[in-house]
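Visitor: I would like a close look at one part of this model, and then at how the rest of the chain is built around it.

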Amino acid sequence: MHFGATLRLLRMASGMGLRDLARRLGVSGSYLSRVENGIDPTPTPNRLEALAKELDIPPTLLMELAHQLSPLVSDYLDREPEAGTLFLQIAHRRLSGAQLAKVRAFIDNEFPLAADPSPAQRRQRAVDLLSSERIVLGLTCTDMDDVIDVAVGRMRGVVPAAELSRLSAAVAKRERESGSFMGGGIVVPSAYVAQATPAAAMVTLASPLACAAPDALPVRLMILLVAPPDHQGHLVSLAQIAHLSARGLVDRVCAARTPEQALQQMEILEAWRG
């Protein structure tokens, strides 16, 4: 997963221009452009928190994408050194996603939060936007427009029928102008459609497509995201897919033989994410 490319996708999906976001952060547009293009290193944790606030996504999710430690966590570790010992014990035991879920359930039960600032965002999962009917495996094609057409075709019933052809043309045009590459062989175009239900369609390719991705890796997987214009979880879903991609989503899904297996692999990665 290419952090800069993902940040660019999040910014564009939010409707903010490069200069607008830079101004809100108090940085130069050239600096933000260098970050998005992978020239400058990942921003500091404090700046990542500011980015998350402007994009309206959970800060922890952006921290995970950038492989950074939240200031909240580092400050807590400074105050409570025993917490670091506990984290180390968990690492030594190499707890699986399912085992960590048990630890988390115990903590939630014994020490519930007094208030949850964004429960809907934290509980939302990218896999819940998919269904087996909207998954196509092993598509044979030589053109990105064909992949888009197939993905959009699976949105029937999610997007008004009259909007399907318009959606396909709009997504194809946007991909030609500035591709929705995350790196690692995945492309995640997204669109806002009036009266649409928040949903996703997934297409894996029999043969990777050579594209101008930021890491020069050919595309093996497309996930198309669609939501109504007022849907607040759209950016969260995009960030979650980036996180799953960093965990090996492309390899796992492309190896699936049935849509149900693909969903199962996403469920496993979601469990790891917690």
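Visitor: Which residue just after helix 5 takes a positive phi, and of about how many degrees?

Guide: That residue is His 67, with a positive phi of about 55°. Some ground rules come before the rest. This is a predicted model, where local features need pLDDT of at least 70, side-chain atom pairs count only at pLDDT 80 or more, and totals for chains, interfaces and linings use all residues. Residues are numbered from 1 along each chain as its sequence is written, and side-chain values use heavy atoms, with hydrogens and water left out.

Start with helix 5 itself. It spans residues 59-66. Helices here are DSSP runs of H or I with at least four residues, strands are runs of E with at least two, and both are numbered from the N terminus. The buried residues of helix 5 are Leu 61, Leu 62, Met 63, Leu 65 and Ala 66. Buried means under 20% relative accessible area, exposed means over 50%, and partly exposed lies in between (1.4 Å probe, protein chains only).

Take Met 63 from that list. Its relative accessibility is 2%, so Met 63 counts as buried. Pro 45 is 18 residues from Met 63 in sequence, yet their C-alpha atoms are 7.0 Å apart.

Leu 62 leads further inside. It is among the residues with the most contacts within the largest nonpolar core, along with Ile 57, Ile 186, Met 202, Ile 223, Ile 241 and Leu 249. This core has 51 residues. A nonpolar core is a set of buried Ala, Val, Leu, Ile, Met, Phe, Trp, Tyr and Cys residues joined through side-chain atoms within 4.5 Å. Helix 12 (residues 234-246) gives the most to this core: seven residues.

Ile 186 shows what the packing involves. Beyond its neighbours within four places in sequence, Ile 186 is in contact (heavy atoms within 4.5 Å) with Ser 180, Phe 181, Leu 221, Ile 223, Ile 241, Ser 245, Leu 249 and Val 250. A second, separate core has 30 residues, including Ala 151, Leu 164, Ala 172 and Val 193.

Next, helix 11. It covers residues 164-177 and holds Ser 168. With 9% relative accessibility, Ser 168 counts as buried. It touches Ile 148, Asp 149 and Val 152, not counting residues up to four places away in sequence.

Back to positive phi. Gln 195 has a phi near 65° and is not a glycine. It sits in the loop between strand 4 (190-192) and strand 5 (199-209). Gln 195 counts as exposed, at 71% relative accessibility. Ala 216 also has a phi near 65°. Its loop runs between strand 5 and strand 6 (219-227). Ala 216 is exposed too, at 62%.

Now the whole chain. It has 14 helices and six strands. Its radius of gyration is 19 Å, close to the 19 Å that the globule rule gives for 274 residues, so the chain is as compact as a globular protein of that length. That radius is taken over C-alpha atoms, and the rule is 2.2 Å times the number of residues to the power 0.38. The C-alpha atoms fill a box of roughly 55 × 45 × 35 Å along the principal axes. Buried residues make up 43% of the 274. Among contacts between residues at least 6 apart in sequence, 71% join residues at least 24 apart.
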